[in-house]
Amino acid sequence: MSKLAIETRGLTRRFGDLVAVRQLDLTIPAGTIYGFLGPNGSGKSTCLRMLTGLLLPSDGQVKVLGLTVPEQAEALRRRVGYMTQRFSLYEDLTVHENLTFVARVQGLSRRQSRERINELLKNYDLQTLSGQLAGSLSGGQRQRLALAAAIVHRPDLLFLDEPTSAVDPENRRNFWEKLFDLCDAGTSIVVSTHYMDEAERCHGLAILDQGIKRADGSPEQLMNDLGASVVEVLADGLRELKRELLTLREVRSAAQLGLRLRVLVDGRIVQPEHWLRQQLPGRLNGAELTLVRPSLEDVFVSCTGERL
Ligand SMILES: Nc1ncnc2c1ncn2[C@@H]1O[C@H](COP(=O)(O)OP(=O)(O)OP(=O)(O)O)[C@@H](O)[C@H]1O
């Protein structure tokens, strides 16, 4: 059996009356990239902070790299890296000074620190920026520095909290290439995101909504197990059509994409295109209906029960 990076049972965190994370069971294999996908406020950061040992759970059991958290959080500290949402850089230190500072905190010797920092500056395309203040870097440069800082001590497990929110698509793509390199070299990675395309890159994934895990599995599994069919409708008067479709109980959602509506129909309906035409005969006369492959966004909409 392959080793686990993380295992939780009944993990819960309350803030007063608010339950930010509720009864979360997770089984995350080592050597993979695992994502938490959820909207703002769904509990992703709270969850990551508990898994790093920085925040005490209200309830439940947590094992990270075989260590019991929070009891063994100190032993865990050296083995994990954590890149926070705001990147946590020292704005008035240079790129090199930021890395040197983190290397000292992580206990690297001067020599180890020098070698490791040279390696990171090269790998993360920061050599020419070495003497520049972190506060003056672009979004993509800040992100690369934050990642380099999070892995100075070669952690076995890396946590990333919405790492690409502030960067453009090209930087996001390059960033993910770096994550796959790290994963290939044996680092387990847990990443939170609210981007579907990012979630789709993960080996495994949990969909969080209001602190509750609504589904988990590989993106392919989640799409196969959707329990709904997706029909794209090309027709006139889409806004009105959408309203009419949403009055049907079997229609889980209808989202407009340009000239089309993407309609999620309960999986128990055998021929969804035919069924839709039967429900709205006048309205769908002359419309084009096509059964298409589910996307992760369809899974997300379906799991969170949002009838958009
Ligand atoms: N220290 C705190 N005190 C009180 N409430 C908190 C605290 N930290 C988080 N919360 C609440 O817990 C809920 C979950 O927040 P969390 O930051 O974990 O969500 P998130 O999914 O990471 O959101 P985002 O994508 O916006 O970062 C929110 O309602 C938030 O207001």
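These legends go with a set of close-up views of a predicted model.

**View 1. The two domains and where they meet.** The domain assignment splits the protein chain into domain 1 (4-222) and domain 2 (226-304). Their C-alpha centres sit 37 Å apart. Where they touch, ten residues of domain 1 are in contact with six residues of domain 2. On the domain 1 side, the elements giving two or more residues are α7 (196-199), β9 (204-209), β10 (212-217) and α8 (219-224). That side of domain 1 is made up of seven nonpolar and three charged residues, with no polar ones.

**View 2. The shell around the ligand.** Look around the ligand and you'll find Phe15, Leu18, Ala20, Gly38, Asn40, Gly41, Ser42, Gly43, Lys44, Ser45, Thr46 and His194. Two elements, β2 (18-29) and α1 (44-51), each supply at least two residues of this shell. Helix α1 gives the most, with three residues. Sorted by type, the shell has eight polar residues, three nonpolar and one charged.

**View 3. Helix α3 against helix α4.** Two packed helices are described by the angle between their axes and the distance between the axes. Here, α3 (residues 95-105) and α4 (residues 110-123) pack at an angle of about 135 degrees, and their axes are 10 Å apart. That angle makes α3 oblique to α4. The crossing of these two helices is right-handed. On the α3 side, the contact is made by His96, Leu99, Thr100, Ala103 and Arg104. Facing them from α4 are Ser113, Arg116, Ile117 and Leu120. The contact of α3 with α4 is a mix of four nonpolar, three polar and two charged residues.

**View 4. Helix α3 again, now with helix α5.** The axes of α3 and α5 (residues 139-150) come within 9 Å and cross at roughly 20 degrees. An angle under 35 degrees counts as roughly parallel, and α3 and α5 are therefore roughly parallel to each other. Their crossing is right-handed. From α3, the residues to pick out are Val95, Asn98, Leu99 and Val102, which meet Leu145, Ala148 and Ala149 in α5. Six residues of this contact are nonpolar and one is polar, with no charged ones. Leu99 is worth finding in both helix views: it is one of the α3 residues in the contact with α4, and it is also among those that meet α5.

**View 5. A cis peptide bond at Pro70.** Most residues other than glycine have a negative phi, and most peptide bonds are trans. The peptide bond from Val69 to Pro70 is cis, with omega near 10 degrees. To find the spot, go to the loop between β5 (67-69) and α2 (73-77), where Pro70 is found.

**View 6. The backbone at Gln23.** Which sign does phi take at Gln23, positive or negative? Phi of Gln23 is near 50 degrees, a positive value in a residue other than glycine. Gln23 is in strand β2, and β2 also supplies at least two residues of the shell around the ligand.

Terms used:
Residues numbered from 1 in each chain as written. Predicted model: local features only at pLDDT ≥ 70, side-chain atom pairs only at ≥ 80, totals over all residues. Axes fitted to C-alpha atoms, helices over the stretch in contact; angles between N-to-C directions. Helix = DSSP H or I, 4+ residues; strand = E, 2+ residues; numbered from the N terminus. Parallel < 35°, antiparallel > 145°, perpendicular 65-115°, else oblique. Left-handed = near helix turned anticlockwise from the far one by under 90°. Contact = placed C-beta atoms within 7 Å. Nonpolar A, V, L, I, M, F, W, Y, C, P; charged D, E, K, R; others polar. Near = placed C-beta within 6 Å. Domains from an automatic or database assignment.
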